[in-house]
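Colleague: Please take a close look at one strand of this model and tell me how it sits among its neighbours.

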Amino acid sequence: MEQLDSSSTDYPDWSNWTLILPCISVGHVGQLAVDVLVTSLQAKRHAALYHASLYPVVGAGGYDSNDQERSALNMPLEVYACNEKKMVLMQQRSPCVPGKQAEFCNSLKEWISCRAFQQVIILSSLDGQARVDAQLTGDQLRYVCNTSAEQRLTSVGGPSPKALQWLPLEAPLPTTDQPATNSMIGSGLAKRLVAALSEADIAVTVLLPFSQAGMQCREALVTAYRLNQWLQMVKPEASSFRWPHTWDAISPGLAQAIMA
């Protein structure tokens, strides 16, 4: 495994590519959505990364795109690449050791900065029990953009969260000047990552569906579908989306029923 830092040079030119990564959050929505994207895009594993801030974990291969993926061991932090779509997907399978979150976010910021991605998209979630009355009905997805992302989306045109009329995350109290990131209850390290990447002037957007505790496969599939509306990675039909065979071990037939 490689260190999660800026020292490794064994990487292709990913400048002007998009990086998609999850945050461990309520319902595991971000991680499950990355599962869907890796499988649907048939992305290839590029590296397994090591960082001392993450709990060690190992498991059987979670993806079945080929024999190599099925026989590979899953590690705490992995990088997948889809050359056709110029997308890199990072999967995180274990949480940070308490007290090490800032160290991990800083290392991740350095790693991302050295790869010169054109934008970073974080998939996380919000605690559905923390919704206010106005959020109980209607669209259950919110997004947050930093200033760099807003400027980039304005300059490139085309589909964007704003153009698709998605709802930005509301501030905690409309009568205060608190930023919307203060409302990111249940989103894990998303707020820290937005702050760290913003310091490095990296364009970052966070997608945040409201969720509940448990393995929320439905929210993950919906998040992947909504992200596809923006990035147009696969055809918009539900049949274009795939999920790992390991999902069937948790809830056989659930994903098929959701996407039917």
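Modeller: The strand is E8, and strand E2 (residues 18-22) runs parallel to E8, paired with it over 5 bridges. Two strands count as paired if DSSP finds at least two bridges between them. Helices (H or I, at least four residues) and strands (E, at least two) are DSSP runs, numbered from the N terminus. Within this pairing, Leu21 lies opposite Ile122 of E8. This is a predicted model, in which local features need pLDDT of at least 70 and side-chain atom pairs count only at pLDDT 80 or more, while totals for chains, interfaces and linings use all residues. Residues are numbered from 1 along each chain as its sequence is written, and side-chain values use heavy atoms, leaving out hydrogens and water.

E8 also pairs with strand E12 (residues 204-211), again in the parallel sense, through 4 bridges. Here Ile121 of E8 stands opposite Thr205 in E12.

Next comes burial. Buried means under 20% relative accessible area, exposed means over 50%, and partly exposed lies in between, with a 1.4 Å probe and protein chains only. Strand E8 covers residues 119-123, and 5 of its 5 residues are buried, so the strand is largely enclosed by the rest of the structure. The side chains divide between two directions: Gln119, Ile121 and Leu123 point one way from E8, and Val120 and Ile122 point the other way. The residues pointing in either direction are all buried.
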